[in-house]
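Below is a colleague's note on the model, set out as numbered points. Please read it beside the sequence and the coordinates.

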Amino acid sequence: MAAGAYVEFARKAFAREATYRMEVFTLVGSLILRVYLLRSLWTALYAQNAEPPGLPLHSMITYATVALLMSLVLEVDGTRLIRERVREGTIATDLMKPISVPIYFFSDGLGQTLLHALLIVPSLLFALLLVHVDVPPPQTLAAFAFAFLLGYGVNFFINFLMNSVAFWTLETFAMQLIVRWGSDLLSGQIIPLMFFPGALGRFVFALPFAAVYSTPLLIYVGIIPASQWPRYFFIQACWLASFGLLSLWVWTAASRRIVVQGG
Amino acid sequence: MLAAYVEYWRINLLTMLEYRANFVMWFVFAVFYHGVALAALTVTMLQFPSMNGWNLREMFFLYALWMTAHELHNALFFNVVAVPEYIREGRFDRFLVRPFDTLFQVLTVPAQIFPDGLILAIVTLCFAVGVAGVRVDAFFVAFVPLVVMGGALIDLGISLVIATIAFWFIRVDTLRWVVMSLEQDFTRYPISIYTRAVGIVLSFVFPFAFMNYFPASYFLNKTDVALNLNPAVGLLTPAIGVAWVAVAYAFWRVGLRHYEGTGS
């Protein structure tokens with residue numbers, strides 16, 4: 001199957017998402033209010049308490065703003081389609097088509113992601129009216145982009161696995177939301193993971209969620225120095241490989257299950 | 001009308017007894033949802049012990065007060081949130097031809113509503129009152145339920161306004177989601193951390209600050225209240241709730257007339 005088909009799938013998904021203009025505006029609008037909220041919050045907290053080591057107020061605001069912009073891309077659940085298709089039973093016809101279904105879902109997710117990635121531009125411009133965002137040197141920026149890419153992969157496979165549970169139990173929504181809320185907290189999206197005290201802090205850094213938000217963000221604000229980059233990239237790559245292989249295995253088992261059941 | 005409402009809750013309770021497993025599931029759900037929010041607050045405040053003069057225990061009380069009002073709203077008025085769906089599916093029109101108030105009919109659509117969140121919220125509130133060192137006297141005991149009801153009415157007002165918007169624009173799901181999550185985010189902190197303009201909006205335009213910040217300031221004997229108001233304004237919450245619902249209801253009537261007018 002030519003790669004051209006998958007590019008087409010991504011284009012379709014992009015166009016489909018772009019039709020909901022009203023939703024897109026609401027999303028950007030709410031993001032701006034959130035930037036205002038995080039500025040007020042961290043400013044108030046820094047004004048009356050001791051500064052945490054290595055993270056002055058401007059770095060904290062940068063961290064929180066970049067995290068919000070990242071969430072525009074990372075909160076797109078591209079593999080939600082799996083759950084819907086399984087529930088409606090149309091997954092059977094998908095499997096009959098001469099395409100690789102997982103890559104089809106990936107392309108579809110990528111298309112949605114690209115639209116949301118475009119939204120980063122206006123969101124950032126509006127955000128800059130409210131807050132100052134530090135810009136690190138080019139090599140740090142490149143390292144951030146690389147870590148973000150790895151994090152995107154990890155996030156994709158976590159979602160993929162969550163949605164694939166639908167092959168076994170049809171109701172996955174509750175579990176998915178619980179994992180989503182947990183990961184908001186444990187990935188470092190809301191608060192930097194180093195604010196977790198003692199052993200708990202070491203524990204949350206060891207979880208796969210840290211690879212999604214925490215690693216790219218800590219590289220961005222310079223808490224992870226250049227000498228430590230390879231170590232963190234390696235950990236992210238490990239999670240990516242593990243979840244990737246796990247997904248492959250789950251997918252094989254799931255599609256066989258459907259065939260055996262006479263789908 | 002009251003008799004009909006009592007009957008509605010009798011049936012609802014019987015349904016609940018029938019679906020015990022769902023009840024447990026939603027309870028776990030509620031525990032996780034609020035657990036994550038409170039955990040985030042706790043971790044933040046271990047690092048930064050003071051938020052404009054509020055400590056973690058007081059912030060806990062602030063959250064619990066909002067949570068109880070919000071969950072009371074979810075238990076009693078959650079159907080309002082489903083109005084856009086009724087309109088989309090054409091199920092709304094039958095309310096218009098029956099001899100009861102339309103809003104009342106919406107509120108009494110049989111739905112599996114479990115007051116899990118509310119039970120959890122009351123437990124959390126009792127606990128928070130204990131740790132925050134709130135002085136509990138007869139006045140407090142009598143007034144807290146009124147504050148919670150007032151807060152639930154403020155929430156109802158917002159839900160009603162969003163539902164009314166659906167009479168013009170069919171798709172309001174994103175708007176509703178955004179408003180609800182922003183409400184939760186902005187009410188989690190003392191409004192004194194915001195600029196004056198935002199404080200005024202949160203107090204008098206969308207009066208979320210009356211759900212928790214003003215009453216909590218009063219009960220915790222705070223002296224420096226946002227916008228330089230007297231802490232006693234916290235006692236106005238029930239009145240603000242009633243006023244806000246009255247305004248929202250008027251808007252709802254306008255929307256309803258528009259909807260009937262287009263005859264769709």
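**Notes on the predicted model**

1. Helix α7(B) contains 17 residues, and its first and last C-alpha atoms are 24 Å apart, close to the 24 Å expected at 1.5 Å a residue. The model is a predicted one. Buried positions in α7(B) are B:Asp116, B:Gly117, B:Leu118, B:Leu120, B:Ala121, B:Thr124, B:Leu125, B:Ala128, B:Val129 and B:Ala132. Their cover includes α2, α3 and α8 (138-165) of chain B. After α7(B) comes B:Gly133, with a positive phi near 70 degrees.

2. Helix α2 of chain B (residues 20-47) has 28 residues, which should span 40 Å at 1.5 Å a residue; the C-alpha atoms at its ends are 41 Å apart, in agreement. Among the buried residues of α2(B) are B:Phe29, B:His34, B:Leu38, B:Leu41, B:Thr44 and B:Met45. The packing partners of the buried residues of α2(B) come from both chains: α2 (21-48) and α8 (173-186) of chain A, and α3, α7 (116-132) and α9 (173-187) of chain B.

3. In chain A, helix α3 (residues 57-74) has 18 residues and an expected span of 26 Å at 1.5 Å a residue, and its end C-alpha atoms are 25 Å apart, which agrees. Of these 18 residues, 16 are buried, so α3(A) is largely enclosed by the rest of the structure.

4. Which residues touch the most other members of the largest nonpolar core? They are A:Trp42, B:Phe61, B:Phe92, B:Tyr189, B:Tyr194, B:Tyr213 and B:Trp252, in a core of 152 residues. Helix α3 of chain B (residues 56-77) supplies the largest share of this core, 13 residues. A second core, separate from this one, has 15 residues, including A:Val86, A:Ile91, A:Tyr104 and A:Trp251.

5. Leaving aside residues up to four places away in sequence, B:Phe92 is in contact with B:Val83, B:Tyr86, B:Ile87, B:Thr102, B:Val106, B:Phe167, B:Trp252, B:Leu256 and B:Tyr259. B:Trp252, in this list of contacts, is itself one of the residues that touch the most other members of the largest core.

6. On the surface, a nonpolar patch is formed by A:Val121, A:Leu124, A:Leu125 and A:Leu128, whose accessible area together is about 340 Å². One of these residues, A:Leu124, belongs to helix α6 of chain A (residues 101-130). A:Leu124 has 30% relative accessibility and therefore counts as partly exposed.

7. How many salt bridges does the structure hold over all chains? There are nine. Side chains of opposite charge can pair when their charged atoms come close. In chain A, A:Arg11 pairs with A:Glu8, with 3.2 Å between the closest N and O atoms. The two lie three residues apart in helix α1 of chain A (residues 3-18), so about one helical turn separates them. A:Arg11 is exposed at 53% relative accessible area, whereas A:Glu8 is partly exposed at 33%.

8. Chain B has a salt bridge between B:Arg10 and B:Glu7, with the closest N and O atoms 3.3 Å apart. These residues are three apart in helix α1 of chain B (residues 2-18), which means that about one helical turn separates them. B:Arg10 is partly exposed at 46% relative accessibility, and B:Glu7 is partly exposed at 35%.

9. Are the partners in the salt bridge of B:Arg188 and B:Asp185 buried or exposed? The N to O distance in this salt bridge is 3.8 Å. B:Arg188 is buried, with 12% relative accessibility, and B:Asp185 is buried, with 17% relative accessible area. A network of salt bridges links these two residues with A:Arg34.

10. Most residues other than glycine have a negative phi. B:Asn52, not a glycine, has a positive phi of about 45 degrees. B:Asn52 sits in the loop between α2 and α3 of chain B and is partly exposed, with 21% relative accessible area.

11. B:Leu227 is a residue other than glycine with a positive phi, near 60 degrees. Its place is the loop between α11 (213-219) and α12 (237-262) of chain B. With a relative accessible area of 17%, B:Leu227 is buried.

Conventions. Residues are numbered from 1 along each chain as its sequence is written. Chains are lettered from A and ligands numbered from 1 in the order in which they are written. This is a predicted model: local features need pLDDT of at least 70, side-chain atom pairs count only at pLDDT 80 or more; totals for chains, interfaces and linings use all residues. Side-chain values use heavy atoms; hydrogens and water are left out. A nonpolar core is a set of buried Ala, Val, Leu, Ile, Met, Phe, Trp, Tyr and Cys residues joined through side-chain atoms within 4.5 Å. Buried means under 20% relative accessible area, exposed over 50%, partly exposed in between (1.4 Å probe, protein chains only). Helices (H or I, at least four residues) and strands (E, at least two) are DSSP runs, numbered from the N terminus. Contact means heavy atoms within 4.5 Å. Patches are made of residues with over 30% relative accessible area and no salt bridge: like charges are joined within 9 Å, nonpolar side chains (Val, Leu, Ile, Met, Phe, Trp, Tyr) within 5 Å. Accessible areas come from the Shrake-Rupley method with a 1.4 Å probe; for residues, only the protein chains shown count as cover. A salt bridge is a side-chain nitrogen of Lys or Arg within 4 Å of a carboxyl oxygen of Asp or Glu. The expected span of a helix is 1.5 Å times one less than its number of residues.
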